[in-house]
Amino acid sequence: MASTLRSLGRKLSTYVVLGPLAILLAFPFYWMLVTSFKEDLDLYNAENVPYVYNPLRWRFWESATTKHVEYIFESTPYVDWIVNTVVVGAVVVGVTLAVALPAGYALARLSGSWGQSAGIAIFLVYLVPPTLLFLPLSPLVARLGIHDSLLSLMVVYPSFTIPFSTWLLMGFFKTIPQELEDAALVDGCSRLKALVRIVFPISLPGILTVVIFAFSLCVNEFIYAFTFISSSGNRTISTGVPNELIRGDVFFWQSLMAATLIPSVVLALLYNLFLDRFIKGFTGGAFR
Amino acid sequence: MGTDAARSRPSSKPWRSVFESRRVLAPALIAPAVVFMVLVVGVPLGWAIYLSLTNAIGGSLTGDWVGLDNFTSAWADDNFRKALRNTLMFTFGSQAIVLVGAAILAHFLIRDFRGKWFIRFLILLPWAAPVALGTLGWLWIFDSLFSVINWTLGHAFGVIDTNDPPQWLGRPNLALLAVTIVHAWRIMPFAVVIFLAGLASIPNEVDDAARIDGATGIKKLFYVTLPLQLPIALVALLFGIVFTAADFTVVYVLTQGGPFNSTQMLTTWSFQIGINSGSLGEGAAISLYLFPLLAAVSVAMLLFAKRAQVA
């Protein structure tokens, strides 16, 4: 009886603590959602309850409108920014995998005692922030003639995706039993063949995790995209929305909020899906 | 070991046996990563240091040698010292919030319960959302006329004057508080994830042993769980310090360093001087003032990794 009560209390405390905190953390996104579909008259009236659609009705959508959401797709380069972001992200992830897969594997398996130190050294590179590097890179990119082009971002973004991905991949490869490869080697496979035929297929979930998180680093990046790219059509989503959808002091809050909510929710769903694997790779590299 | 088996096999092509050797294969696999990082991180970092010692102006890659002039003239500027102070308050203030919040969240989130997937999704949102976009949401929350916070405090609870509500981004101290809270909000889920990883790595035997010894509830929390979580909390803290001290986006989108430079950080100030004012050399010097902090964090990480390796 006492133990049932205790387990009930435990369950209850989980919801009582996590519920309000989760709502607090996610509130800005609820706020974006509500705002996106508001009529101007409703939004810009300080007497209205801002959490709902006014006038308040049971069929709340009758007080709402989709016209501001349609606006960003029809009358702004929003779709171009999404395409730009996806193109840059895809190229950068491709380059990153080509470089980080072999490096992560070598650091996990082949290089023995100094492997750990080399792995940590590579990781420290990830701690060198873009805010230290954008000042020399900006004139350099201009000198190379690739400023205001997506190419500049494709060249520079691997500077943070490669160290990050190498570290994660190293963690994943360490969790794969060595015996599997040894068996392939005994069967006459070369080491490279064993890598491609045995190790990479087993690591596919881990590799996919790296793809998701490296891609999201690219979507997140702001300062390079902000200083390298100047024309509206070449922006990525992170710089396009704050720089182009705000005109002077005029804010189109409904459109702005819809534009921020859409990529956020997509990325959060992906994060949630791959979180357990991310934790495994992130810690598998160092703290076991 | 694998290589021995491979080596003892008679090989038909001589270059193949070269690639089977650890001594050749490992460096060959790591080399592209190292070369790339030297090119896109090492060279620009070196260049930033060089630029900080010259009088280079916007758009140029070189300048005349001026020694440490940029560092001293930056230091002499009141705005710089404000930026330095702000960076420290912003960084350590937000990390204090993050550590407490993440410890609580992770403590409960490690359990299994109904609806965990959805609650985890809500908690992850601030981290998953692109920084600039999530921050735009806060720009609207802190709006000078239609702030939802002010509506709630004023109309719903009546604790503030609705005719003269707080201007979250318009008053120096409030603005600094606002950017600090927004950054804590953004980093929190990341710290939760690291804490979860740390909790997951505590073996079940520890739990059992604690139960046999009669440690439950608060006692267990203070004598068993928290001490075991200390190393992982340190990792979360070190990451948080780097990400926050080097952040540009949150402050730029919310206040652009205003009002009256009251939320200027080292990063936004170096952007202001280096890009907007075109004093590339001095801008580089300002951003390099971050370097000691980052170096200290890196050294701490190295020491920590070494200890973890020994244990």
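**Exercise 1. The nonpolar core**

Find the residues with the most contacts inside the largest nonpolar core of this predicted model, and name the helix that gives the largest share of this core.

*Solution.*
Step 1. Take the size of the core. The largest nonpolar core holds 162 residues.
Step 2. Pick out its best-connected members. B:Ala102, B:Val192, B:Phe195 and B:Leu254 have the most contacts inside the core.
Step 3. Assign the core to secondary structure. Helix H9 (residues 172-200) of chain B supplies the largest share, 16 residues.
Step 4. Follow one member outward. Setting aside residues up to four places away in sequence, B:Leu254 touches B:Thr135, B:Trp138, B:Leu139 and B:Leu169. B:Leu254 also touches B:Ala178, B:Val179 and B:Val182.

**Exercise 2. The build of chain B**

Describe the secondary structure of chain B, and set its radius of gyration against that of a compact globule of 311 residues.

*Solution.*
Step 1. Count the elements. Chain B has 15 helices and 0 strands.
Step 2. Compare radii. The radius of gyration of chain B is 25 Å, whereas a compact globule of 311 residues would come near 19 Å.
Step 3. Check the extents. The C-alpha trace of chain B spans about 85 × 70 × 30 Å along its principal axes.
Step 4. Look at burial. Of the 311 residues in chain B, 43% are buried.
Step 5. Look at contact range. Take the contacts in chain B with a separation of 6 or more: 67% of them join residues 24 or more positions apart.

**Exercise 3. Two residues of chain B**

Decide whether B:Ala285 and B:Thr91 are buried or exposed, then place each in its surroundings.

*Solution.*
Step 1. Locate B:Ala285. This residue lies in helix H14 (residues 280-288) of chain B.
Step 2. Apply the cut-off. A residue is buried if 20 or more other C-beta atoms lie within 10 Å of its own. B:Ala285 has 30 C-beta neighbours inside 10 Å, so B:Ala285 counts as buried.
Step 3. List its partners. Beyond neighbours within four places in sequence, B:Ala285 is in contact with B:Ser52, B:Asn70, B:Phe71 and B:Ala74.
Step 4. Add a distance. B:Tyr50 is 235 residues from B:Ala285 along the chain, yet their C-alpha atoms are separated by 9.4 Å.
Step 5. Turn to B:Thr91. This residue sits in helix H5 (residues 78-109) of chain B. B:Thr91 has 22 C-beta neighbours inside 10 Å and therefore counts as buried.
Step 6. List its partners. Not counting residues up to four places away in sequence, B:Thr91 touches B:Ile241, B:Thr244 and B:Ala245.
Step 7. Add a distance here too. B:Thr91 and B:Val38 are 53 residues apart along the chain, and their C-alpha atoms are separated by 28 Å.

**Exercise 4. Chain A against chain B**

Work out how many residues each chain brings to the contact, and describe the side of chain A that touches chain B.

*Solution.*
Step 1. Count both sides. Chain A contributes 85 residues and chain B contributes 85 residues.
Step 2. Find the leading element. On the side of chain A, helix H14 (residues 253-284) of chain A gives the largest share, 14 residues.
Step 3. Sort by class. The chain A side has 62 nonpolar, 18 polar and 5 charged residues.

**Exercise 5. The domains of chain A**

Divide chain A into domains and characterise the contact between them.

*Solution.*
Step 1. Set the bounds. Domain 1 covers 2-65 and domain 2 covers 76-284.
Step 2. Give the spacing. The centres of domain 1 and domain 2 of chain A, taken over C-alpha atoms, are 33 Å apart.
Step 3. Count the contact. In chain A, 7 residues of domain 1 are in contact with 7 residues of domain 2.
Step 4. Find the main contributor. Helix H1 (residues 2-36) of chain A gives the most to the domain 1 side, with 5 residues.
Step 5. Sort by class. The domain 1 side has 4 nonpolar, 2 polar and 1 charged residues.

Key
Residues numbered from 1 in each chain as written. Chains lettered and ligands numbered in written order. Predicted model: local features only at pLDDT ≥ 70, side-chain atom pairs only at ≥ 80, totals over all residues. Domains from an automatic or database assignment. Contact = placed C-beta atoms within 7 Å. Helix = DSSP H or I, 4+ residues; strand = E, 2+ residues; numbered from the N terminus. Nonpolar A, V, L, I, M, F, W, Y, C, P; charged D, E, K, R; others polar. Buried ≥ 20, exposed ≤ 12 C-beta atoms within 10 Å, placed from the backbone. Core = buried A, V, L, I, M, F, W, Y, C linked by C-beta atoms within 7 Å. Rg over C-alpha atoms; globule rule 2.2 N^0.38 Å.
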